[in-house]
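Here is a quick tour for anyone meeting this structure for the first time. Take a look at the sequence and the model, then read on.

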Amino acid sequence: MCSTFTRVDPNNPSAFECSCVHCREMNIRYRKVKITCPNADGSRAFVKETLEIPVPTNCSCKAWSEELYHQDG
């Protein structure tokens, strides 16, 4: 569990001190998953595919930053 808080700044009672910490993956391994899908034309034949998906192996708390919050620009 990661801590997040807002409190009055002891040095300036009219200001607030904030800390936002979130859980984020630290290590990832890739795992192969087999899926079976119907053909695009709706026929009963099936297409089998293997996808490689990322799976977090462990997580840790990290401070939230503007850079992370505005990833898309």
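## Cysteines that bond and cysteines that don't

The sulfur of Cys-59 sits 4.2 Å from the closest cysteine sulfur, the one in Cys-23, and that is too far for a bond. For a pair to count as a disulfide, the two sulfur atoms have to be within 2.5 Å. Keep in mind that this is a predicted model. Cys-59 is partly exposed, with a relative accessible area of 46%.

So which cysteines do form a disulfide? Cys-2 and Cys-61 do, with their sulfur atoms 2.0 Å apart. The count for the model comes to 1 disulfide. This pair links distant parts of the chain: Cys-2 lies in the segment before strand 1, Cys-61 lies in strand 3, and 59 residues separate them. The torsion about the S-S bond of Cys-2 and Cys-61 is about -90°, so this disulfide is left-handed. In general terms, a disulfide is a covalent bond between the sulfur atoms of two cysteines. As for Cys-61, its relative accessibility is 37%, so it counts as partly exposed. Cys-23, on the other hand, is in no disulfide.

## The chain as a whole

Stepping back, the chain has 1 helix and 3 strands. If you follow the sequence from start to end, the pattern reads β-β-β-α. How much of the chain is buried? Buried residues make up 4% of its 73 residues. The accessible surface of the chain is about 6,600 Å², and 51% of that belongs to carbon and sulfur atoms. Among contacts with a separation of 6 or more, 46% are between residues 24 or more positions apart.

## How the strands line up

The 3 strands make an open sheet in the order 1-2-3, with antiparallel pairing. Strand 1 and strand 3 stand at the edges with a single partner strand each, so one side of each has no neighbour in the sheet. On average, neighbouring strands of this sheet are turned by 15° against each other, direction ignored. As a rule, strands of a sheet pair through backbone hydrogen bonds, either parallel or antiparallel.

Strand 1 covers residues 4-9, and strand 2 covers residues 12-38. These two strands run antiparallel and are joined by 6 bridges. Between strand 1 and strand 2 there is a hairpin of 2 residues. Strand 3 takes in residues 46-63. What joins strand 2 to strand 3? There are 17 bridges here, and again the two strands run antiparallel.

If you'd like to trace the pairing yourself, here are some residues that face each other across the strands.

| Residue | Opposite residue | Strand of the opposite residue |
|---|---|---|
| Phe-5 | Ser-19 | strand 2 |
| Thr-6 | Cys-18 | strand 2 |
| Val-8 | Phe-16 | strand 2 |
| Val-21 | Ala-63 | strand 3 |

To recap, the sheet has the order 1-2-3, and the disulfide of Cys-2 and Cys-61 ties the segment before strand 1 to strand 3.

Note on methods
Residues are numbered from 1 along each chain as its sequence is written. This is a predicted model: local features need pLDDT of at least 70, side-chain atom pairs count only at pLDDT 80 or more; totals for chains, interfaces and linings use all residues. Side-chain values use heavy atoms; hydrogens and water are left out. Helices (H or I, at least four residues) and strands (E, at least two) are DSSP runs, numbered from the N terminus. Buried means under 20% relative accessible area, exposed over 50%, partly exposed in between (1.4 Å probe, protein chains only). Contact means heavy atoms within 4.5 Å. Accessible areas come from the Shrake-Rupley method with a 1.4 Å probe; for residues, only the protein chains shown count as cover. Two strands pair if DSSP finds at least two bridges between them. Axes are lines fitted to C-alpha atoms, for helices over the stretch in contact, and angles run from 0 to 180 degrees between N-to-C directions.
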